[in-house]
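Here's a quick tour of a small set of structural features, written for the bench. Have the model open while you read.

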Amino acid sequence: MSEPTYHTLEEIQLRKEKLQSDIQQENDQIGILWRTLFAPQKASSKGELAANLLANSITAIDGFLLVRKLIKTYGFLFNRKKKKK
């Protein structure tokens, strides 16, 4: 794939505006997908309510364990000193 050649500042400005427009559209799409990913879902039955509760609990525990592991591994970045034994 060859790089396009530009001969005037206007061509560069048009390309820049097109790229900014494309980036903004993709950013909007990512934002929509991100919001739908984390939007709370209505449970229509007790089974779905239990499944949602279990999934949320597992996500919270997983997040907690990840943060704990990161702090244990990279605690020096957070000015946490290791306990002396």
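What follows goes from the overall fold to charges, surface and a few distances.

## Ground rules

This is a predicted model, where local features need pLDDT of at least 70, side-chain atom pairs count only at pLDDT 80 or more, and totals for chains, interfaces and linings use all residues. Residues are numbered from 1 along each chain as its sequence is written, and side-chain values use heavy atoms, with hydrogens and water left out.

## Overall shape

The protein has two helices and zero strands. Both terms refer to DSSP runs numbered from the N terminus: H or I of at least four residues for helices, E of at least two for strands.

Don't picture a ball here: the radius of gyration is 24 Å, whereas a compact globule of 85 residues would come in near 12 Å. That radius is taken over C-alpha atoms, and the globule rule is 2.2 Å times the number of residues to the power 0.38. The C-alpha trace spans about 65 × 50 × 25 Å along its principal axes.

## What's covered and what isn't

Just 2% of the 85 residues are buried. Buried is under 20% relative accessible area, exposed is over 50%, and partly exposed is in between (1.4 Å probe, protein chains only). The accessible surface adds up to about 9000 Å², and carbon and sulfur atoms hold 62% of that. Areas come from the Shrake-Rupley method with a 1.4 Å probe; for residues, only the protein chains shown count as cover.

A nonpolar patch sits on the surface, made of Leu-66, Leu-70, Tyr-74, Phe-76, Leu-77 and Phe-78, with about 650 Å² of accessible area together. Patch members have over 30% relative accessible area and no salt bridge; like charges are joined within 9 Å, and nonpolar side chains (Val, Leu, Ile, Met, Phe, Trp, Tyr) within 5 Å. Leu-77 belongs to the segment after helix H2 (46-74), and it counts as exposed because its relative accessibility is 57%.

## Charges

Which two side chains meet in a salt bridge? Lys-18 and Asp-22 do, at 3.1 Å from N to O, and the structure holds one such bridge (a side-chain nitrogen of Lys or Arg within 4 Å of a carboxyl oxygen of Asp or Glu). Both partners lie in helix H1 (residues 9-37), four residues apart, or about one turn of the helix. Lys-18 is partly exposed at 45% relative accessibility, and Asp-22 is partly exposed at 26%.

## Long reaches

Ala-51 lies in helix H2 and is partly exposed, with a relative accessible area of 43%. From Ala-51 to Glu-10 you cover 41 residues in sequence and 57 Å in space, C-alpha to C-alpha.

Lys-72 is also placed in helix H2, and its relative accessible area of 70% makes it exposed. Its C-alpha is 38 Å from that of Gln-24, 48 residues away along the chain.
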